[in-house]
Amino acid sequence: MEDRINIKELHKCCLVNGDCFSFLKKIPDNSIDLILTDPPYNIAKYSTGNIKFDWRSDINNDLAEWDLSELNPNDLVGEFKRILAPKGNIFIFCSYNIIGEYHKAFDSEFDTFQFMVWHKTNPVPNFRKSSFLNSCELIVSCWNKGHTWNFTTQSEMHNFIESSICMGSERVKDSEGKYLHPTQKPLAILKKIIKIASNENDIVLDCFNGVGSTGEAALSLNRRYIGIEIDKTYMNATYKRLSRFFDNKINTDKQSDYAAIWE
């Protein structure tokens, strides 16, 4: 058995620059209140490269290199089930092409398997007008009986949620002003899920941290956060983005509010 981290040392946040499949094994049993994560969608193989136009600049249809290695939901379900607290919830962003694989892997392991539809109100236009706009993404949701659930009103609890894609000042940019992460999720969507599926001081885990959007949403709602990200550039952006939540900024003391663990 891997050496387990001491969750009691987690005051606010733990950021891990490393492989999530290795670090998940270090998280204690039944210790995570909400798993909210955005793994690769396995859609790189469907890419058609740049879309060329005579009257405007090309549109890049490729994702980042991390989507070239296909993710198997079976590789996640065992550790997710082990680390989830009895009252915990799981929310996983995914696409139409892989939701069936999540159902096969997760449905029999939890009392409830559902999904949400995120409707993007400003998707990329379909310039060729030859098919539907790609305006919806899916969010797998799983839990057991007695799970945390902050139900509001009937009209607000549909499994259909709308927002624009992440835009403007919310988008994390590189030194040249270009968007750093191609699939950064909007805070509005993440905050709504966190409010429904967790309580203050609960621990939220995103094992595909990206540029730290789940972390910002969790910390701003007075939750604790564990973010795991293998890409060093994304993790550096996360450090910069989340440092405003901490008086002592960045250090490597595991007992501080801000624990930066490098593997």
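In the predicted model, Phe 208 is buried, with a relative accessible area of 16%. This residue lies in the loop between strand 9 and helix 5. Its ring is paired with that of Phe 21, the centres being 6.5 Å apart and the planes at 75°, an edge-to-face arrangement. Phe 21 belongs to helix 1 (residues 20–23), and the pair links distant parts of the chain, with the two positions 187 residues apart in numbering. Unlike Phe 208, which is buried, Phe 21 is partly exposed, at a relative accessible area of 26%. The threshold for burial is 20%, so the value of 16% places Phe 208 under the limit.

The model contains seven aromatic pairs in total. Another of them joins Tyr 102 and Phe 106, whose ring centres are 5.9 Å apart; the planes meet at 45°, so this pair is tilted. Both residues lie in helix 3, four residues apart, which is about one turn of the helix. Tyr 102 and Phe 106 are both buried. Ring pairs further connect Phe 80, Tyr 102, Phe 106 and Phe 110 into a cluster.

Tyr 102 and Phe 106 also take part in the contact between helix 2 and helix 3. Two packed helices are described by the angle between their axes and the distance between the axes. The axes of helix 2 (residues 74–83) and helix 3 (residues 99–106) come within 9 Å and cross at roughly 40°. Helix 2 is therefore oblique to helix 3. The crossing is right-handed. On the side of helix 2 the contact is made by Asn 74, Leu 76, Val 77 and Phe 80, and on the side of helix 3 by Tyr 102, Ala 105 and Phe 106. Six of these residues are nonpolar and one is polar, while none is charged. Phe 80, a contact residue of helix 2, is also a member of the aromatic cluster.

Helix 5 (residues 213–220) is largely enclosed by the rest of the structure, because seven of its eight residues are buried. The buried residues are Ser 213, Thr 214, Gly 215, Glu 216, Ala 217, Ala 218 and Leu 219. Their cover includes both strands and helices. Among the strands are strand 1 (13–17), strand 2 (32–37), strand 9 (203–206) and strand 10 (224–229). Helix 4 (187–197) and helix 6 (232–242) also contribute to the cover. Asn 222, which follows helix 5, has a positive phi, near 65°.

Note on methods. Residues numbered from 1 in each chain as written. Predicted model: local features only at pLDDT ≥ 70, side-chain atom pairs only at ≥ 80, totals over all residues. Heavy atoms only, no water. Buried < 20%, exposed > 50% of the residue type's maximum accessible area, 1.4 Å probe, protein only. Contact = heavy atoms within 4.5 Å. Axes fitted to C-alpha atoms, helices over the stretch in contact; angles between N-to-C directions. Parallel < 35°, antiparallel > 145°, perpendicular 65-115°, else oblique. Left-handed = near helix turned anticlockwise from the far one by under 90°. Nonpolar A, V, L, I, M, F, W, Y, C, P; charged D, E, K, R; others polar. Phe/Tyr/Trp six-rings, centres within 6.5 Å; stacked < 30°, edge-to-face > 60°.
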